[in-house]
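Visitor: I would like to look closely at a single part of this model, and then to see how the rest is arranged around it.

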Amino acid sequence: MRHKKEVFYYAGLEVPIDPMDKYRCLDAATLGALEKAKSRIAIIMVFFTICFGIILGRLFYLTVVNYQSRQFIPSALQTEIPLIRHNIKDRNGIEIAMSVPTKDLSINPKRTKNPEEVAKQLVRIFPDLSRSDILRKIHAGGSFRYIKRNITPAEQNAVNWLGYYFLNLEDGEKRIYLQNNLFSHIIGTVNIDNQGTSGLEKTYDKELSERDLYLSLDLSVQEMTRRSLEKGIEKYKAQGGLGLVMDVNTGEVLASVSLPDYNPNLPLENDPDKLFNKATLGSYEFGSVFKLFNTAMALESKDIQPWDVFDASEPIKIGRKLLADYRGQNRPLTVAEILMHSSNVGSVRIALKAGYQKQREFLGRFGFYKQLPIGLPERATPQFPKAQKWADITSANVAFGYGISVSPLHLIAAVSALVNGGYYRVPTFIKDGNKGMPEYRVISQRTSDIMRHLMWSVINWDIKETNPIFPYAVGGKTGSANLLENGKYVKGTLRTTFVGVFPMNAPRYAVLVVLDNPHGIKETWNFNTAGWNAKPIGLEIITQIAPYLGVAPQEHWEQPAYIQRSIEASKAAKKR
Amino acid sequence: MFEKIKSFLINRYRSLDKGLLHASFILILFGIFLTFAASPAVAERNHFDSFHFIKRQFVFLGPALLVLFLTSFLSFQQIRRVSGLIFLGALICMFYVSFWGSEINGARRWIYIGSIGLQPSEFMKPAFAVICAWLLASGRLIKQFPGYLIACFLYSIVAFLLFKQPDVGMLLTISGIFCVQLFLSGIPFFIVGLLGGGLVMLGMTAYLTLDHVHARVNRFLNPEQGEAYQVEKSLETLQNAGWFGKGPGEGIVKYELPDAHTDFILAVSAEEFGFILTACLILVFAFIVLRGFWLMRQENNYFCQIAVAGLLTQIAFQAIVNMGSTLNLLPTKGMTLPFISYGGSSLVSIAFAFGIILGLTRCHTLSRGLE
């Protein structure tokens with residue numbers, strides 16, 4: 001660079017002077033401009049200092065002040081996700097319904113880019129979704145649409161790897177019913193947002209957000225009842241049926257089955273027959289079973305004594321109507337025999353003796369005229385004759401179970417009151433649900449004792465012939481009523497009922513079996529009344545649950561003289 | 001000959017402002033670190049090989065450093081000429097891109113040379129700052145030179161092209177640069193106020209006419225609409241960063257943020273390296289900006305002052321907007337963090353801008369010698 005004369009070097013600073021430096025000739029104007037610029041630079045510096053200060057402060061606030069330790073676990077692996085809805089368990093603590101945490105996948109259609117590709121990728125992950133469906137959701141606009149609720153962790157991972165920021169995952173939970181069909185009607189269902197929509201899920205919606213719910217139901221009893229009933233329905237070609245098991249002393253329901261039922265884990269079928277809970281929502285005429293209440297009524301009012309005899313040798317005429325027995329004995333019958341042979345004529349005579357006012361008042365004691373105050377949304381409204389129409393002819397019908405319809409739960413609760421010493425308890429589905437609740441005396445201890453003997457004789461007078469090894473002291477009653485269709489009774493079609501209590505010397509459990517329209521089969525000589533189908537199913541249930549419930553086989557139970565005489569008379573009549 | 005070049009280089013290197021130079025190296029190192037931390041997750045999500053973005057960034061690192069040094073060695077006149085050339089070239093490219101470029105995410109910004117995408121407007125920014133500074137300084141100091149008019153004319157062309165693309169972030173940056181430079185060129189405060197009003201008007205126009213701007217501002221104003229996914233994630237992450245963070249590579253936000261390696265790299269930094277190191281990063285930016293302005297307060301070259309102020313404004317503006325949107329102080333604005341964010345053309349253009357700053361601050365030593 002030696003040849004370039006104009007280049008000048010300062011000592012120690014061998015840097016060429018820049019030719020652009022002409023602005024450095026500091027005339028007055030330039031000096032003024034420079035001074036102004038320098039003061040304004042100060043303003044700008046202050047401005048940027050403030051900006052960076054705010055950013056630093058904000059960062060400090062967000063990272064340190066607002067610090068929330070997450071122990072460095074990726075959010076996907078965190079296990080302490082709170083369950084919002086609690087479990088439902090049976091009386092022994094076995095889970096029936098529980099919630100599992102899941103994720104819900106949603107999309108923000110407004111921000112979605114390349115919908116075709118998005119739909120394609122989503123269908124790849126969820127083969128059950130349709131591409132056009134997803135596209136329709138995206139094109140519908142808005143800022144929030146669910147793509148799929150309750151996706152699995154694997155699907156969640158796959159969605160995350162797609163990396164679409166307009167797909168969102170939010171915490172969800174899914175209700176799982178571990179016992180599938182077993183408890184379908186009682187437990188009920190929840191909707192997609194996990195709010196109860198039917199059954200106990202609905203009634204105890206609020207409680208389930210706070211604690212687990214223990215039911216009075218027993219998984220094993222429920223399972224045995226359901227299995228026996230299912231087999232019976234198939235065997236007798238019935239349309240459906242129901243089974244109830246109740247603790248007669250506490251009113252706790254141990255089993256409540258209604259068939260056909262549904263699997264609450266699957267999408268609900270639109271089949272009203274399956275969704276209908278016959279045990280609590282059904283309202284039926286139970287026929288001859290009501291003869292128990294008829295007898296108890298007259299015994300309680302002391303209009304009859306258990307050793308009284310009534311003439312049942314020929315049909316009885318009430319008004320213009322002739323009432324006859326089904327397969328009648330055509331002879332005078334004792335009170336016990338009236339129940340054993342289910343004599344309509346005898347029952348009507350008892351009812352007439354007591355009078356219809358007493359009958360009407362008596363049935364009211366068992367809550368037969370109002371809905372049961374149970375914790376279920378599905379409750380039947382009973383149907384019964386109006387007070388002003390309740391006269392002799394009505395009374396005669398009610399005496400053998402026509403003209404009044406109640407739910408099966410009404411019935412089993414009332415039968416329990418007949419045998420447990422005379423106390424009525426409202427049935428409950430919750431464990432210890434009746435603790436501290438009032439109990440009502442509906443009949444005296446004496447009437448209850450007589451009823452136990454009468455009911456025992458109904459089942460046992462000929463049980464040695466039909467079922468010689470049956471080991472438990474069961475008492476009960478069967479009933480068959482014609483099915484009502486469009487307000488008319490249909491001949492040949494029956495709803496058969498069996499109600500049983502065991503052990504009869506110290507009652508603990510009541511069992512109710514109802515079959516809808518069973519058919520006669522070869523094994524039953526084509527009979528289809530309750531004694532041929534509902535009763536064997538009921539005894540089968542008792543045989544299964546009694547050992548589980550700790551009920552010992554029958555010991556000798558001394559029967560009073562009037563029962564012994566009645567049994568002997570019936571056996572003698574049968575031989576003839 | 002070799003000796004001469006060597007002594008020239010050594011002289012030039014010695015005359016550079018070491019504070020600014022080292023700060024820029026620190027930022028580049030930060031950038032490498034954070035690209036390593038953030039980009040593999042993004043690359044894997046996009047089905048690239050894990051080191052895809054890192055490799056691409058390294059390809060640009062050499063050229064960027066070369067550009068940084070070469071530019072810083074230029075004399076004032078050379079800087080002006082190079083800037084003029086680049087400005088012209090970039091303007092032509094922008095013109096081409098705005099009308100015939102391929103559309104990506106609703107905007108035409110990129111020009112492709114092979115597989116390498118360049119954003120001409122990135123290079124236009126520093127060149128524009130230098131040209132404007134020269135025009136404004138000359139207009140102020142030389143009578144009968146319509147520097148202001150020409151500067152305003154150039155600004156309107158550039159603004160129109162950016163509006164056309166549309167690239168509102170870039171438009172705001174350019175406007176910020178231009179305003180600061182006008183401010184320093186000594187216009188009365190009255191006109192400064194008017195300009196401020198104009199800028200607000202411009203923002204309103206963008207908000208009302210451009211859909212995506214509208215959407216972003218709305219999202220910022222109403223976060224509960226649940227649309228600000230990235231900001232939400234970023235805030236969530238910052239919450240569990242703490243003083244020291246989770247440690248390098250331990251972060252998770254990068255797996256959930258599509259723009260973890262560009263717009264939201266600060267969130268990755270905060271999550272993995274904690275408040276202290278991230279605060280250091282912010283302080284380095286603050287240092288560069290304040291140091292630059294501080295030097296300019298001692299500078300007696302009017303052109304130099306305005307040019308450096310413009311370039312510093314560019315860097316400060318980008319940094320503040322980027323960090324501000326990560327911290328949910330500002331609406332998201334797709335602006336890269338200088339030297340840190342992934343992006344080849346952004347890195348080279350920032351190196352170019354910073355080279356000019358170094359070149360222009362270099363004279364400071366000399367001018368002190370003159371006094």
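Visitor: Which residue in S3(A) is the bridge partner of Ser106(A)?

Guide: The bridge partner of Ser106(A) in S3(A) is Tyr146(A). The model is predicted, so that local features are described at a pLDDT of at least 70 and side-chain atom pairs count only at pLDDT 80 or more, while totals for chains, interfaces and linings use all residues. Residues are numbered from 1 along each chain as its sequence is written, and chains are lettered from A and ligands numbered from 1 in the order in which they are written.

The pair belongs to the antiparallel pairing of S2(A) with strand S3 (residues 145-151) of chain A, which extends over four bridges; strands, like helices, are DSSP runs numbered from the N terminus (E and at least two residues for strands, H or I and at least four for helices), and two strands pair if DSSP finds at least two bridges between them. S2(A) also runs antiparallel to strand S4 (residues 167-177) of chain A, to which eleven bridges join it, and there Val100(A) stands opposite Lys174(A) in S4(A). A further antiparallel partner is strand S1 (residues 88-89) of chain A, joined by two bridges to S2 (residues 95-107), with Ala97(A) in S2(A) as the bridge partner of Ile88(A). S1(A) and S2(A) make a hairpin with five residues between them, and in its turn Gly93(A) has a positive phi of about 85°.

Elsewhere in chain A, five strands form an open sheet in the order S7-S6-S16-S15-S14, with antiparallel pairing. Its edges are strand S7 (253-259) and strand S14 (475-485), each of which pairs on one side only, and the twist from one strand to the next averages 15°. At one edge, S14(A) pairs with strand S15 (residues 488-502) of chain A over eleven bridges in the antiparallel sense, and Lys477(A) stands opposite Val499(A) in S15(A). Helix H16 (residues 408-419) of chain A packs on this sheet, touching strand S6 (240-247), S15 and strand S16 (509-516), and its direction makes about 145° with that of S16(A); contact here is taken as C-beta atoms, placed from the backbone, within 7 Å of each other, and axes are lines fitted to C-alpha atoms, for helices over the stretch in contact, with angles from 0 to 180 degrees between N-to-C directions.

At the other edge, S6(A) and S7(A) pair in the antiparallel sense over six bridges, Ser256(A) in S7(A) being the bridge partner of Leu244(A). The hairpin of S6(A) and S7(A) has five residues between the strands, and Gly251(A) takes a positive phi near 80°. Seven of the seven residues of S7(A) are buried, so that strand is largely enclosed by the rest of the structure; a residue is buried if 20 or more other C-beta atoms, placed from the backbone, lie within 10 Å of its own, exposed if 12 or fewer, and partly exposed in between. For chain A as a whole, 44% of the 576 residues count as buried, and the chain has 20 helices and 16 strands. In helix H2 (residues 115-125) of chain A one finds Glu116(A), which is exposed, with 11 other C-beta atoms within 10 Å.

The largest nonpolar core, a set of buried Ala, Val, Leu, Ile, Met, Phe, Trp, Tyr and Cys residues joined through C-beta atoms within 7 Å, has 117 residues, of which Phe128(B), Ala133(B), Ala307(B), Ala309(B) and Ile357(B) touch the most other members. Helix H13 (residues 302-326) of chain B gives the most to this core, with 16 residues. Apart from neighbours within four places in sequence, Ala309(B) has contacts that include Ile41(A) and Ile44(A), as well as Val180(B) and Phe293(B). A second, separate core of 115 residues includes Leu229(A), Tyr236(A), Ile412(A) and Ile443(A). By contrast, one of the 14 residues of H1(B) is buried, so that helix lies largely in the open.

As for confidence, chain B averages a pLDDT (the predictor's confidence in each residue, from 0 to 100) of 83, and 92% of its residues score at least 70. Within chain B the mean is highest in H13(B), at 91, and lowest in helix H9 (residues 211-221), at 71. Over residues 364-371 of chain B the pLDDT is below 50, and this stretch has 14 contacts in the model beyond near neighbours in sequence. For the complex, the predictor gives an ipTM of 0.90 and a pTM of 0.56.

How values were computed
Contact = placed C-beta atoms within 7 Å.
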